[in-house]
Each structure stands twice: as structure tokens, then as C-alpha cells.
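The exercises below are meant to be worked through with the sequence and the 3D structure open side by side. Each one sets a task and then follows it with a solution in steps.

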Amino acid sequence: MRVEYIVKLKGTVPCLATHDFLKTVKNKELPNMDSLRQKKKGYRAHPIELDSSHRNEPLIDLRLHITGINHYFREDNPPYYFSIPSAISQLWVRETVFKKLKRIEQKLRKVGLKLFVFDAYRPVEVQNYFHDVWFPEYLKEVLGHDISETELRQEVEKFWAKGAVSSREVDLLSPPPHSTGAAVDLCICRTNNESLFFGGIFDDVTESAYTDYFEQLQNRRRLTFSETEALQNRRLLYWIMTDEGFVNNPSEWWHFSYGDQMWAKLTDTPAAIYSSAWWLLP
Ligand SMILES: C[C@@H](N)C(=O)N[C@H](C)C(=O)O
Ligand SMILES: [Zn+2]
């Protein structure tokens, strides 16, 4: 009773109901993600309904309504620290995806939080750079230059999806996820732009990026305070996004999508509803 009274006076102190909401989602365990990582395999061959009513759905620049900075466009973008060639400043997503994110944003605002978006529509040239150049070069340094091409590709594709010839020339039945306007990379921050702690930076493409990394770690040993915080914030992001129909890439805590091939494969939907969105760009 006393807390509710204070809320009415100041309006900034979270009320009992919001405490309950955060407590509930932060304590809700994530599903088994080893099986989801298995299920995800081969998602680029999953059917796409090319004549779906969503085919022409416009792209909206998220930045008009939701906080975000295109991570590949900016220069202060660890671990790269340079603007990736062909990167764009906009954060384009399909209209349906945008509406879902807006509803999530409204829920978060009620508890003093908001979304922060790192990337959305991604030019294929940026995808190709990471898949064909940046990450293979990094892996060769780490794993040794004598690694076979097949092994290298397998390692790369744990985290970076195969690209296409160019943004204009995409196989419409197998588009890179971020070329569809259906995929988004994001986290949650406080309304003062301070990020919640997720236990690693965006694009830390090691196993610590697995959404359930801390869930698995806690089965092996007691978590530190920081690790517990990361575990709970990943749960919050996961549940608030999936509650709106998004699917999480189980290998990356920050990657969610609605309507693309990964979404269809993981939700047992017979066909994805979005293919490449290149021709919809203004
Ligand atoms: C690594 C990350 N930023 C990413 O986008 N990965 C997914 C799988 C992709 O390449 O589409
Ligand atoms: Zn992503």
C-alpha cells in the first residue's frame, strides 16, 4: 500500500505490478536451446510463400519511433571500430515487425525501460563482408591457417549467415535473414539510454552469445552477481519478444525475427512470409 501511494505522488517509482512483471519474466527459465539449435539447421531451405499478402509490405525506419543506431554504420562499434563498407544508417523493418516492436516498447516503457536496436535490414554487401572476409580471417587467426574450407564454413555459419551475389541479386527462396526486413538485432536499455547488462557485447560471436549461455553455466557452477543479472536480462528480452510472436536465434541473444525462414522453421509454420526486401527500399 505504501509503495503505491508513493507512485501516485512521484510517478517515477515502479509500482508493485511492474515489480511483479519483471520478477516473473526474469525468473522464467528459457526453453532447451540445444534442441532449437538443431531444429534451426537447414532453415535457408524452408519454403517461402513468395506471393503472400505480405510480399509488398513496406519498410519503416525504426529510428522514427524506437531508439537505435545502426551498429555497422557507426565507427564506435566494438569489436570492429570502423564503419563497414556499404552499411546504411537506417534501421528498416517490415511494417508488421515495426508494429510488434512498438507494442513491446509500450510494455517496457511502463517499467522504465525501452528497446535499443543495433541492426535491422542489412545490405547483402555487409553480410558478405562478414561471412566471406571478416569472420573467416578472424577464425583463421584463432584456429590456425590450416583449417579446411569445410570446417571454416561450418564455424562461420554458427554465427554469420551466408550472403548472396549482391543486394539486387538474392535467391528469393533463400535470402539472408537480415535482407528480408523481418530480422532485428536489439537489446533493452533504461530510458536514460543506459543498456541493461546482457553478459557480452553485441556481435561477440563466441558461445557466450548463445541465448542460454548462462542457463547452461548455472548447471555447472554458481553464477556471480553479474552473470545472474545477464541471465535474467536475457530472459526478459526473450520472453517479451517471443510473447509478441518473434522467434529468437538460439545462437545469438540479440537476434529476433518474425516471418522469415528461421521463424517459420522454428515455429513449424509451413512457409515463411517474407523474402528479400531490397526492392522496397525507398
Ligand atoms: C552475427 C550477427 N550479427 C548476425 O546477424 N547473425 C545472423 C545469423 C545473420 O548473419 O543473419
Ligand atoms: Zn541478427
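**Exercise 1. A loop residue**

Is Thr224 buried or exposed, judging by its C-beta neighbours inside 10 Å? Give its place in the chain as well, and its separation from Asn70.

Solution. Begin with the place: Thr224 is in the loop between helix H7 and helix H8, the latter covering residues 225-242. Next, count neighbours: Thr224 has 10 C-beta neighbours inside 10 Å, and because a residue with 12 or fewer is classed as exposed, Thr224 counts as exposed. Finally, take the separation: Thr224 and Asn70 are 154 residues apart in sequence, and their C-alpha atoms are 32 Å apart in space.

**Exercise 2. How far to trust the coordinates**

This model is predicted, and the task is to decide which stretch should be read with caution, using the pLDDT of the chain and of residues 1-12.

Solution. Start with the whole chain, for which the mean pLDDT is 93 and 94% of residues reach 70 or more. Then turn to residues 1-12, where the pLDDT is below 50, and where the model has 7 contacts beyond near neighbours in sequence. Where pLDDT is low, the predicted coordinates should not be read in detail. For the complex, the predictor gives an ipTM of 0.98 and a pTM of 0.93.

**Exercise 3. The annotated binding site**

Which residues does UniProt place under "binding site", in an unreviewed entry? Describe how they are arranged in space, and then characterise His178 and Asp185 one after the other.

Solution. The UniProt record, an unreviewed entry, places this feature at His178, Asp185 and His255. These residues are spread over 78 residues of sequence, yet they cluster in space, with a largest C-alpha distance of 9.8 Å.

Consider His178, which lies in the loop between H6 and strand E4 (183-190). It has 26 other C-beta atoms within 10 Å, and is therefore buried. Leaving out residues up to four places away in sequence, His178 touches Asp119, Tyr121, Arg122, Gln127 and Ala183.

Now consider Asp185, whose place is in strand E4 itself. With 24 other C-beta atoms within 10 Å, Asp185 is buried. Beyond its neighbours within four places in sequence, Asp185 is in contact with Phe118, Asp119, Phe202, Trp254 and His255, the last of these being another position listed in the record.

**Exercise 4. The annotated active site**

Locate the residue that UniProt lists for "active site", and state its exposure and contacts.

Solution. The unreviewed UniProt entry lists Glu252 for this feature. In the model, Glu252 sits in the loop between strand E5 (247-248) and strand E6 (255-257). It has 18 other C-beta atoms within 10 Å; because the partly exposed class lies between 12 and 20, Glu252 is partly exposed. Setting aside residues up to four places away in sequence, Glu252 touches Phe159 and Ala209.

**Exercise 5. Two packed helices**

At what angle do helix H5 and helix H6 pack, and which residues make the contact?

Solution. Two packed helices are described by the angle between their axes and the distance between the axes. For H5 (residues 124-143) and H6 (residues 149-156) the angle is about 105 degrees, and the axes are 10 Å apart. This makes H5 roughly perpendicular to H6. On the H5 side the contact is made by His131, Phe135, Pro136 and Leu139, and on the H6 side by Leu152, Glu155 and Val156. Sorted by class, the contact has 5 nonpolar, 1 polar and 1 charged residues.

As a further step, take Tyr138, which also lies in H5 and, with 15 C-beta neighbours inside 10 Å, counts as partly exposed. Tyr138 and Val156 are 18 residues apart in sequence, and 9.8 Å apart from C-alpha to C-alpha.

**Exercise 6. Backbone details**

Find the cis peptide bond at Pro79, and describe the phi angles of Tyr81 and Asn193.

Solution. The cis peptide bond joins Pro78 and Pro79, with omega about 5 degrees, and Pro79 lies in the loop between strand E1 (59-61) and strand E2 (92-94). Tyr81 is found in the loop between E1 and E2, and has a positive phi near 60 degrees although it is not a glycine. Asn193, in the loop between E4 and helix H7 (213-220), has a positive phi near 75 degrees. With 9 C-beta neighbours inside 10 Å, Tyr81 counts as exposed, and Asn193 is exposed, with 9 other C-beta atoms within 10 Å.

Conventions. Residues are numbered from 1 along each chain as its sequence is written. Chains are lettered from A and ligands numbered from 1 in the order in which they are written. This is a predicted model: local features need pLDDT of at least 70, side-chain atom pairs count only at pLDDT 80 or more; totals for chains, interfaces and linings use all residues. UniProt positions are given in the numbering used here, feature names are shortened, and annotations may be inferred rather than shown by experiment. Helices (H or I, at least four residues) and strands (E, at least two) are DSSP runs, numbered from the N terminus. Axes are lines fitted to C-alpha atoms, for helices over the stretch in contact, and angles run from 0 to 180 degrees between N-to-C directions. Angles under 35 degrees count as roughly parallel, over 145 as roughly antiparallel, 65 to 115 as roughly perpendicular and the rest as oblique. Ala, Val, Leu, Ile, Met, Phe, Trp, Tyr, Cys and Pro count as nonpolar, Asp, Glu, Lys and Arg as charged, and the others, Gly among them, as polar. pLDDT is the predictor's confidence in each residue, from 0 to 100.
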